[in-house]
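The exercises below are to be worked with the sequence and the coordinates side by side. Each begins with a task and is followed by a solution in steps.

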Amino acid sequence: MQLDETQFETFVFGVGIGIGACVLAMAAVVRPSKASATQRAAKEPLLKTAVHREPLLSTEERLVARLSSQFNLSTDTLVRIQRQIIVDMKRGLAVDNGAIKMLPTHVTHRPKGTERGSYLALDLGGTNFRVCEVTFDGVGNASMLQKKFKIEDAVKTGDGEALFDFIAECVKIFLVENHGSQEGAKLVESRKWQLGFCFSFPVNQVSIDEGSLLVWTKGFTASNVVGVNVVKLLQDAFKRQNLNIAVSALVNDTTGTLISLAYTKPNTYAGVILGTGSNCAYVEKVANIEKLHGPREGLDEMLINMEWGGFDDAQVVIPRTKWDHALDSNTPTPGTWTFEQLISGMYLGEVVRLVCVDLAETGELFAKCKLSKEMRTIYAFDTAYMSAIESDHTHDLADTKSILEDKLHMPGSTLVDRRILRTICALVGTRSARLAACGVAAVVCKMNKLSEGCIVGMDGSLFELYPYYK
Ligand code: ADP
Ligand code: MG
């Protein structure tokens, strides 16, 4: 659960200042006007190459046109995607095996801002693992202590029990650091805590504190966890560490983003993640959740964890390039989570790398450089490099040259090479942002919030740090 309000960027749809954001966001999806095209030309490095005032080589122009035709999504396509997301949302609310899973979270209320007390929270599901202690003052303010831990690939892909032991050990380290010196290690073990577990993977949730993992995503494959109640796995690991912690809530990061922003902004109706992965949770009427089991009396709304990363796995509406297919075939579960692969931080850099390697092999890019071991290494092109390359405003793209030389060990690039590389980054990044916008537009339309307005919480390094993404 991300509870520090400063960590959020919000999109406001609707009245007042929201109208501006709404019109901008929707224009990109529904009907880009001449004005919005002009704004993009002023902002986007992709289009900036066209106003560099240097003559473009015709081979470069031809290459850029060829790449653009593969990555650019037409307005018609974006509208079709948005509509299909709404169709799949409705189907996912009715059946268990929809293309978008639409998982009931069993979160039936949003915070009022009057909740108080200190709680532990864990954030697992991507690049970093975080242990947090959050204190609510009951008048709308939350403060947070947190510690980040890196999860090694060996832990992500090893034994499931060892993964949960690692988590419990991290919690113990956090508690000893923050409470041990004052209260002594014994008290760390005896003090009773309530903990919220933010576990950002698809879960079949049967109550607020019970849910079994449906499938691992984002590079996790730890054994003996799929099909098992992850709250019990965590609770057992705490027992092995002699920690007196009750795991009282299981949510994912989208739900956490939504409810923690709602603590201070009650008009929050959706939470979107654009980080290692991509996903969205939103507020649905219980009456619309046909597949919901159990009693419904007195329940008006429930948050739905969409798991939109699985949208269009049948590959019907979104045109994909051969590089998208190549990336997909190297994942642990080919043919699944393909929407996430087109959007999220874990994958964008890898698409760029695959395009570069291909063009280098045909001699259209980096003709004077030798392809380095790094450039040939899967996932070695970090999405953060794309941010740095798109932020490079030097006349000779010197920052891009540094990334090529220092990070990717590719000396000898020409300015044309670097311009093409920047164009590839812009194409892949823009496609991601437009697809994410299709998702947000679909959710806001599904909730009928377009005219009334609502707040959508956004979290994740891709959204926060990638220039032009917002
Ligand atoms: P998590 O999803 O694990 O909660 P983050 O929200 O920090 O973590 O997202 C991590 C992802 O963001 C990684 O895939 C990383 O490549 C990407 N990322 C990190 N820094 C940047 C950046 N400056 N620009 C674009 N993407 C970034
Ligand atoms: Mg996160």
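Is Cys454 buried or exposed? Cys454 has a relative accessible area of 0%, and it is therefore buried, a class that means under 20% relative accessible area, whereas exposed means over 50% and partly exposed lies in between (1.4 Å probe, protein chains only).

The model is a predicted one, in which local features need pLDDT of at least 70 and side-chain atom pairs count only at pLDDT 80 or more, while totals for chains, interfaces and linings use all residues. Residues are numbered from 1 along each chain as its sequence is written, chains are lettered from A and ligands numbered from 1 in the order in which they are written, and side-chain values use heavy atoms, with hydrogens and water left out.

**Exercise 1. Cysteines**

Classify Cys445 by accessibility, and then state how many disulfides there are.

Step one: Cys445 has a relative accessibility of 22%, so it counts as partly exposed. Step two: when a disulfide is taken as a pair of cysteine sulfur atoms within 2.5 Å, the count comes to zero.

**Exercise 2. Helix α5**

Compare the expected span of helix α5 with the separation of its end C-alpha atoms.

Step one: helices (H or I, at least four residues) and strands (E, at least two) are DSSP runs, numbered from the N terminus, and α5 covers residues 75-94, which is 20 residues. Step two: the expected span is 1.5 Å times one less than the number of residues, which for α5 gives 28 Å. Step three: the end C-alpha atoms are 29 Å apart, in agreement with that expectation. Step four: the buried residues of α5 include Thr77, Leu78, Ile81, Ile85 and Leu93.

**Exercise 3. Strand β10 and its partners**

Which residues are the bridge partners of Ile273 in β13 and in β11?

Step one: strand β10 (residues 268-274) is mostly covered, since seven of its seven residues are buried. Step two: two strands pair if DSSP finds at least two bridges between them, and five bridges join β10 to the parallel strand β13 (residues 453-459), where Asp459 is the partner of Ile273. Step three: five bridges also join β10 to β11, in antiparallel fashion, and there the partner of Ile273 is Asn279. Step four: β10 and β11 form a hairpin, with three residues between the two strands.

**Exercise 4. The β4-β5 hairpin**

How many bridges join β4 to β5, and which residue in the turn has a positive phi?

Step one: β4 (residues 128-137) and β5 (residues 142-150) run antiparallel and are joined by nine bridges. Step two: Phe136 stands opposite Ala142 in β5. Step three: four residues lie between the strands of this hairpin, and Gly138 in the turn has a positive phi of about 85°.

**Exercise 5. Ligand 1**

Which residues come nearest to ligand 1, and what polar contacts does the ligand make?

Step one: 14 residues surround ligand 1, each with a heavy atom within 4 Å of it, and Thr127, Thr276, Gly345, Ser387 and Ser461 come nearest. Step two: with a polar contact to the ligand taken as a pair of N or O atoms within 3.5 Å, an oxygen atom of ligand 1 lies 3.2 Å from a backbone N or O atom of Gly345, an oxygen atom of the ligand is 3.2 Å from a polar backbone atom of Met346, and an oxygen atom of the ligand is 3.0 Å from a side-chain N or O atom of Asp382. Step three: taken alone, ligand 1 exposes 570 Å², of which the protein buries 78%, the areas coming from the Shrake-Rupley method with a 1.4 Å probe.

Technical notes. A polar contact is a pair of N or O atoms within 3.5 Å; within protein, one must be able to donate a hydrogen and the other to accept it, and residues adjacent in sequence count only if both atoms are side-chain atoms.
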